[in-house]
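I am opening a notebook on this structure and will write down each thing as I look it up. The entries follow the order in which I went through the side chains.

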Amino acid sequence: QQQQQQPESGDDNDELASYEPTGVTISMLVHASRQPRARNESMPAFLARLTHIHLSSKGIVKLSNLEGCRSVTALYLYDNHIVDATPVARLPTLTHLFLQNNRIQSMEGLLSLPNLMKLVLNHNCIARVEDVTCRASKLLELSLDDQELPEGTSLSFADDTMKSLTCLNRLDVDGNRLAQTADLRSLQSLTFLSMRRNWLQHPEDLCEVLASNRRL
């Protein structure tokens, strides 16, 4: 990966003025997979059989043109500028989704994916783990380390959403100013929980989650 050159002194404004939000283009998708396009294969047919799509570090802001990727199981979108990730809800075949280091503010739609097993959202702007359409009953791993939160707030969890994550066995929530674990009491399948760099003061602060997850 080539590093971007730093603008020379006095060119910062020109750099910002020339910046245009980037969507996912068909050309990006063609080059985002190791699966070659067959001779005389139509573009819709090619996109429909892609299973692994690598789109990290592309300057992507808008998730466009993904609806034709009807067989994708792994989607790599980390290190971009994505704010709205709801378009991935149209990809029900997804099992692994990597969205770390973006600007995502809501989990709406992300937990509606029925086959999702691993979701990585470290370093975003998510203040609440909530998806009213939550159907991610197969989700095994959820990573939410180091969200960029408003001053004085901590990451919170919607009880209905957490109850829907019946198979979740790994949760990473480092660096989110958490002071208690009561919001995690609905989880009952955890075997690994990482809560480093939070505001837990005493061992008894872990009682709620330990009581409901005997395998921790």
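Entry one, an aromatic residue. I began with phenylalanine 98, which is buried, with a relative accessible area of 13%. I was working with a predicted model, and I asked which residue forms an aromatic pair with phenylalanine 98. The structure holds one aromatic pair, and in it tyrosine 76 and phenylalanine 98 are stacked, with 4.8 Å from centre to centre and 5° between the planes. I then placed both residues: tyrosine 76 belongs to strand S4 (residues 74-76) and phenylalanine 98 to strand S5 (residues 96-98), so the pair ties together parts that are 22 residues apart in sequence.

Entry two, the confidence of the model. I looked up the pLDDT and found that the protein chain averages 90, while 90% of the residues score at least 70. Over residues 1-19, however, pLDDT stays under 50, and for this stretch the model has six contacts beyond four places in sequence, so I leave that stretch aside here.

Entry three, a charge and a ring. I noted that arginine 170 has its charged end over the ring of phenylalanine 192, at 3.9 Å from the ring's centre.

Entry four, salt bridges. I found that the structure holds eight salt bridges, and I wrote up three, including the one that arginine 49 forms with glutamate 41, where the closest N and O atoms are 2.7 Å apart. Are the two partners buried or exposed, or something in between? Glutamate 41 is buried because its relative accessible area, 13%, is under 20%, whereas arginine 49 is partly exposed at 31%.

I went on to the salt bridge in which the side chains of arginine 103 and glutamate 148 meet, at 3.0 Å from N to O. Arginine 103 lies in the loop between S5 and strand S6 (118-120), and glutamate 148 in the loop between strand S8 (141-143) and strand S9 (156-157), so this pair ties together parts that are 45 residues apart in sequence. Arginine 103 counts as partly exposed at 37% relative accessibility, and glutamate 148 is also partly exposed, with a relative accessible area of 48%.

I next took aspartate 174, which forms a salt bridge with arginine 196, the closest N and O atoms being 2.9 Å apart. This pair links distant parts of the chain, with aspartate 174 in the loop between strand S10 (170-172) and strand S11 (192-194) and arginine 196 in the loop between S11 and helix H5 (207-212), 22 residues apart. Aspartate 174 is buried, with a relative accessible area of 1%, while arginine 196 is exposed, with a value of 56%.

Entry five, two threonines. I looked up threonine 161 in helix H4 (residues 159-164) and found this residue buried, at a relative accessible area of 3%. What does the side chain of threonine 161 reach? The side chain of threonine 161 comes to 3.1 Å from the backbone nitrogen of aspartate 131, and, leaving out residues up to four places away in sequence, threonine 161 touches Leu111, Val129, Glu130, Asp131 and Cys134.

I closed with threonine 86, placed in the loop between S4 and S5 and partly exposed, with a relative accessible area of 33%. The side chain of threonine 86 makes a polar contact of 2.7 Å with the side chain of aspartate 84. I also noted that the C-alpha atoms of threonine 86 and leucine 99 are separated by 12 Å, the two residues being 13 residues apart along the chain.

Conventions. Residues numbered from 1 in each chain as written. Predicted model: local features only at pLDDT ≥ 70, side-chain atom pairs only at ≥ 80, totals over all residues. Heavy atoms only, no water. Helix = DSSP H or I, 4+ residues; strand = E, 2+ residues; numbered from the N terminus. Buried < 20%, exposed > 50% of the residue type's maximum accessible area, 1.4 Å probe, protein only. Polar contact = N/O pair within 3.5 Å; in protein donor to acceptor, adjacent residues only side chain to side chain. Contact = heavy atoms within 4.5 Å. pLDDT = per-residue confidence, 0-100. Phe/Tyr/Trp six-rings, centres within 6.5 Å; stacked < 30°, edge-to-face > 60°. Lys NZ or Arg CZ within 6 Å of the ring centre and 35° of its normal.
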